[in-house]
Amino acid sequence: MRVVSGIKPTGNLHLGNYLGAVKQWVAMQDDIQARGGETMYFIADLHGLTEWIAPEAMAANTIEMTATLIAAGIDPERSILFNQTRVPEHSELGWLLNNVARVGWLNRMTQFKDKAGKNREGASVGLYDYPVLMAADVLLYNATHVPVGEDQKQHLELARDIATKFNNDYGRELFTLPEPFISKAAPRIMSLRDGASKMSKSNPSEMSLVKLIDSDDQIAEKFRKAKTDADVLPDTMEGLEGRAEARNLITIYAALADRAPADVLAQFAGQGFGAFKPELADLAVATLGPIRERLTRLLDDRGEVGRILKRGAEKARDLAAPLLLDVQRTMGLQI
């Protein structure tokens, strides 16, 4: 069993990023390896180019994302951790698979329609074509499983379609058809100032989000001042209907504590937020504090973080190069 997953580089990560993605990866690493499988995680810097980003921001984000993954528990000695660009086989296989994928298949991809919006003519070709590179990302390693959320199911289906067509066209079972890896649903973390808006670093209010680099005092203050209502906590999830801010804080507590939201409500039912918020703040500080300390140490030596990516890329290329060569020869390319 081999699980491959990528994440676009972003800097200055917050609690929503951690609970929605990073924490899930750490749990996946432990789960897959307990089953005797292997995990490969990459920073999808090539995918990060589909929309304009300043070069210095791309470079910094790649290092910061890597450092965050390591600080949160991804172990480069147990998982292969690398960035896409250092493994050129991703781009090469992506181009070869462009000649297998069909335009009609890409036209059905809803992600392009959502991201391009009304400006489809002005969108980059990369934004239109990136699902083929995503297929190459996983087929390159003959991944058996790929973690997918609701918005990525189409892309995994496309990867399977491309692999099937290649295998049929060339009369070889060269590519493994990856299966979806279904893990516990990632929580959707909302703003601390507005329970209807997703937690985001683009929000102008610093009090709306908890950054992974925030101090213990800053974390505690943000939860202390988080928007709530005057009612006490109910004893069931149904009782949170119409109480977006209350639901958000319960969701955050449950995700940090690895508990079901219903269990958290059972513990705090009948209590007001004056009692609940300090408990949540203490839990967040206890969880995020050690991550922040490790992250700070890693970012003090960004060169070493880059070297970790380089070592991971060398391991990835050992796996990727033979597969790419096999594909090239199968297609009749002289190499």
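**Asp 137 and its surroundings**

With a relative accessibility of 2%, Asp 137 counts as buried, because this value falls under the 20% limit for that class. The model described here is predicted. Asp 137 belongs to helix H6, which spans residues 125–139. An unreviewed UniProt entry carries the annotation "binding site" for Asp 137; such annotations may be inferred rather than shown by experiment.

The surroundings of Asp 137 can be described by its contacts. When neighbours within four places in sequence are left aside, Asp 137 is in contact with Val 4, Phe 42, His 47, Gln 84 and His 90. With one of these residues, His 47, there is a polar contact between side chains, at 2.8 Å.

His 47 is located in the loop between strand E2 and helix H2 (55–72). His 47 also counts as buried, because its relative accessibility is 6% and the class takes in values under 20%. Apart from neighbours within four places in sequence, the contacts of His 47 are Lys 8, Gln 84, Tyr 130, Leu 133, Met 134 and Asp 137. Gln 84 therefore appears in both sets of contacts, that of Asp 137 and that of His 47, under the criterion of heavy atoms within 4.5 Å.

The description now turns to the strands. Strand E1 comprises residues 2–7, and five of these six residues are buried, so the strand is largely enclosed by the rest of the structure. E1 pairs with strand E2 (residues 38–43) in the parallel sense, over six bridges. Within this pairing, Arg 2 stands opposite Glu 38 of E2. Between the two strands the chain passes through helix H1 (residues 15–34), and the resulting β-α-β crossover from E1 to E2 is right-handed. In a regular strand, the side chains alternate between the two faces of the sheet. Val 4 and Phe 42, which are among the contacts of Asp 137, fall within the residue ranges of E1 and E2, respectively.

A further position to consider is Gly 306, in helix H12 (residues 302–330). Gly 306 is buried, with a relative accessible area of 11%. Not counting residues up to four places away in sequence, Gly 306 touches Ile 63 and Arg 86. The C-alpha atoms of Gly 306 and Asn 83 are separated by 9.5 Å, although these residues are 223 residues apart along the chain.

How values were computed
Residues are numbered from 1 along each chain as its sequence is written. This is a predicted model: local features need pLDDT of at least 70, side-chain atom pairs count only at pLDDT 80 or more; totals for chains, interfaces and linings use all residues. Side-chain values use heavy atoms; hydrogens and water are left out. Buried means under 20% relative accessible area, exposed over 50%, partly exposed in between (1.4 Å probe, protein chains only). Helices (H or I, at least four residues) and strands (E, at least two) are DSSP runs, numbered from the N terminus. Two strands pair if DSSP finds at least two bridges between them. A crossover is right-handed if, with the strands pointing away from the viewer, the path from the first strand over the helix to the second runs clockwise. A polar contact is a pair of N or O atoms within 3.5 Å; within protein, one must be able to donate a hydrogen and the other to accept it, and residues adjacent in sequence count only if both atoms are side-chain atoms.
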